[in-house]
Every structure is written in structure tokens, then in C-alpha cells.
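Visitor: I have a new model on my screen and would like to walk through it with you. Could we take it one question at a time?

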Amino acid sequence: MIDLKSMSLPEVTEWMRGLGQPAFRGKQVFTWLHRGVRSFEEMTNLPKDLRETLKETCLLAPPVVARKQESRLDGTIKYLWELSDGNCIESVLMRYHHGNTVCISSQVGCRMGCAFCASTIAGKVRNLTPAEMLDQVLFTQLDSGLPVSNIVLMGIGEPLDNLDAVLKFLELVNSPDGMNIGMRHISLSTCGLVPGIRRLADLELQLTLSVSLHAPDSATRSRIMPVNRAYDVEELFAACHDYFQKTGRRISFEYAMIDGVNDSDQQADLIARKLRGMPGHVNLIPLNDVVESPFKPSRRIAAFQKRLESHGITATVRRSLGGDIDASCGQLRRKAMEEAQKGEDSQ
Ligand code: SAH
């Protein structure tokens, strides 16, 4: 089956031409797909036989809401989507003053192995297609009735481990004939796959790059993030400096505060030294307690923030949203997987 929804407008147009159709049909189909139709039948301005041909040859299987949780505290909505092959992924809609932001997944599971993260516990199942990433944005908007203005690629998965599909997704969601969400309204978060960061730098996209730093020294970082053994923190900082030189875009560094592991003043001082020459922003994240992980939340967040600020570094503490609905990475998917497992065990 042809994955028409993962194709750009010129590609859809070319494909329609191959069917002997005029060029304008490409745009019609593209527009319908990006409006979130659930079947080719709904494309009412296409001839009936063409709709029939599309139905027989092309894939159109939007995700289904498997679970939906809405926070009573702040209106955050968490979706567990069931994909056409039965796999599940999560997206979260957060309501900020600057607009509604949807956090999407880029893979089913993750193979990066960060020791504190729920998404990686069962490894990676598969990559998501560009259409499956687009659908998370599109159907979050359609289901919630809330217009989405910002996207963060910070859900399940490592976007730079699925970079070709992610780049295609960015092109799709950016399209004026589609959702038309500007690159400056998109953030991409990586655990530090250096070749991917360098590839992104060469493209000079206007998106915001977030780097999950979590430790500025190699010994600590290798302990909590296996990726550091492949791309050491020194290499990572070098790539970040080059990224800034090339794009002029400020990088945001994510830093989950873990008790007794990465929250010392010396580590704050080291961050400051490593960021010299670049206007970095450090986002301190209160660690989410993941049941399976031995790590505990730090009690030194304010002191650490102060120490960074004393070096002239901008440091913010992430406001936690959706505390009542398992709204952080991978937790809802794990819960659903465990429940399914229990269901099977008891049969
Ligand atoms: N793979 C990408 C994007 C997904 S994770 C990345 O690593 O950046 C989004 C952010 O949540 C990352 O910064 C990740 O390290 C962080 N995170 C994962 N588990 C966490 C936890 N238990 N508490 C706080 N932050 C966590």
C-alpha cells in the first residue's frame, strides 16, 4: 500500500500524474489528507472511480484514541493512540499562555537506554512514519477542538534516531497547504546523537534544538545515558557550539535533577564552563519518579539554579503539567502494556 500521507505536495502530485490525473488533483488530495479525513470516500470533490482506485492502492489509517486523560489541574490532555498495526504511542496537549503545544512521539519505544526514562524500558519496537507523526498533531487538534500552534518532539522515542522521517514530517506540518506550522514554533529534543545534530546544523532550520544534557561530566553522563559512550559529552558540546555558529539559534539544555547524581555545585560550574561562548539556556526538570528507576528527585534545584545564574547562565525550572494524569514520557504506554500483560496472564 502507498503511504500517500507521508508524501509532500509535489510527490502526491507526481503520483497522481502517474494515475493519469491532472496536477490539481494532487493538491486536492493533499489538502483533504491534511484536514484529517478518515477515508477516501470523504474526498467529495474527486471522481468516484478515482476515490475507488485510491482506496485500493493507498494507506489511510488514522490513529484511534485508545485512552484519553484530562488534567483537572491545568487542562493538559494526554492521548494514548492505537496505530494501525496495534502499537500504541503517546501525545500530550499542553495549554500555555503562548498557545497550545502538542508533544509528540517519534518512535514506538526507544533504544537509547537512559536510566531514568520510562520510554526506553522495553526498547524500540519501530520507527514512526512521517504520517504517523503528523497524525498526532492533526488528530490531537481535531479531537480536542483546540488549535495547535506549537509542536515539541519530546515524546516517546529519539527523533535523531529516525531523522529522515522526522525531516519529512517537518516539511509536511510546515506546508502552507497543510497545517502550516512555522519552524520557529517547533522544538526537537535529542539525547545527543552528534551526527544528527551536525546534519540538522547543515540544514539551518529555524526550529529550536533541545539537548538532553543531564550531566556535564563524562563519568556521570555515561552512567545515566549510554549514548554518552558513543558520543562523549565533549563531542556533544563541540557539536552544540558548531550548531550555534552555523544557525545562530540558541540551544536549550534539558537537565533532569537527580538526587546526589548530577546536582552538585561543581557540576553547575562545569556546565557554565562548557557553555562559554554560546548563549545556552538550561531548563531544570524536576525528576519524574519512574517506578522502575532507582533515582530520586533532587532537593537542590533552587540552589543549582542560583549557581548557574551566578555564572550568567539563564536557568529555568520546568513547570510540571498534568501531574494527576501520568503526563510524562512513556508512563501511560507502560501502564497500558502492563495491564494488557496482566489481562493475558490471568486468562
Ligand atoms: N529522546 C529525546 C526526546 C524524548 S524525552 C531526548 O532524549 O531528548 C524528553 C525529555 O524528558 C528528555 O530530556 C528526557 O531526558 C526527559 N526525561 C525522561 N525521563 C525523565 C524523568 N523520569 N524525569 C524527568 N525528565 C525525564
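Visitor: Let me start with one residue: is Thr 247 buried or exposed?

Guide: Happy to help, and please keep in mind that this is a predicted model. Thr 247 belongs to helix H9, which spans residues 233–247. A residue counts as buried when its relative accessible area is under 20%. The relative accessible area of Thr 247 is 13%, so this residue is buried.

Visitor: Which residue has its backbone nitrogen 3.1 Å from a polar atom of the Thr 247 side chain?

Guide: Let's look at the surroundings of Thr 247. Leaving out residues up to four places away in sequence, Thr 247 touches Ala 201 and Glu 204. The backbone nitrogen that lies 3.1 Å from a polar atom of its side chain is that of Arg 249.

Visitor: Now to Met 179: is that one buried or exposed?

Guide: Met 179 sits in the loop between helix H5 (163–174) and S8. Not counting neighbours within four places in sequence, Met 179 is in contact with His 34, Leu 134, Val 137, Leu 138, Gln 141 and Val 173. The cut-off for buried is under 20% relative accessible area. Met 179 has 16% relative accessibility, so it counts as buried.

Visitor: How many residues are in the largest nonpolar core?

Guide: Phe 169, Leu 170 and Phe 253 have the most contacts inside this core. Phe 169, for one, touches Ile 104, Pro 130, Met 133, Leu 134, Val 137, Ile 151 and Leu 153, with residues up to four places away in sequence not counted. Apart from the largest core lies another, of 18 residues, including Val 12 and Leu 54. The number for the largest nonpolar core is 80 residues.

Visitor: How much of the ligand's area does the protein bury?

Guide: Let's begin with its polar partners. A polar side-chain atom of Glu 158 is 3.0 Å from a ligand nitrogen, and one of Ser 189 is 2.6 Å from a ligand oxygen. A polar backbone atom of Cys 191 lies 3.5 Å from an oxygen atom of the ligand. Taken alone, the ligand exposes 530 Å², and the share buried by the protein is 93%.

Visitor: Which elements give two or more residues to the shell around the ligand?

Guide: The ligand is surrounded by 18 residues, and Gly 157, Ser 189, Ser 212, His 214 and Asn 288 are the closest. By type, the shell divides into nine nonpolar, seven polar and two charged residues. The elements that give two or more residues to it are strand S8 (186–190) and strand S10 (252–257).

How values were computed. Residues numbered from 1 in each chain as written. Predicted model: local features only at pLDDT ≥ 70, side-chain atom pairs only at ≥ 80, totals over all residues. Heavy atoms only, no water. Near = heavy atom within 4 Å. Polar contact = N/O pair within 3.5 Å; in protein donor to acceptor, adjacent residues only side chain to side chain. Areas by Shrake-Rupley, 256 points an atom, 1.4 Å probe, with all protein chains shown as cover. Helix = DSSP H or I, 4+ residues; strand = E, 2+ residues; numbered from the N terminus. Nonpolar A, V, L, I, M, F, W, Y, C, P; charged D, E, K, R; others polar. Core = buried A, V, L, I, M, F, W, Y, C linked by side-chain atoms within 4.5 Å. Buried < 20%, exposed > 50% of the residue type's maximum accessible area, 1.4 Å probe, protein only. Contact = heavy atoms within 4.5 Å.
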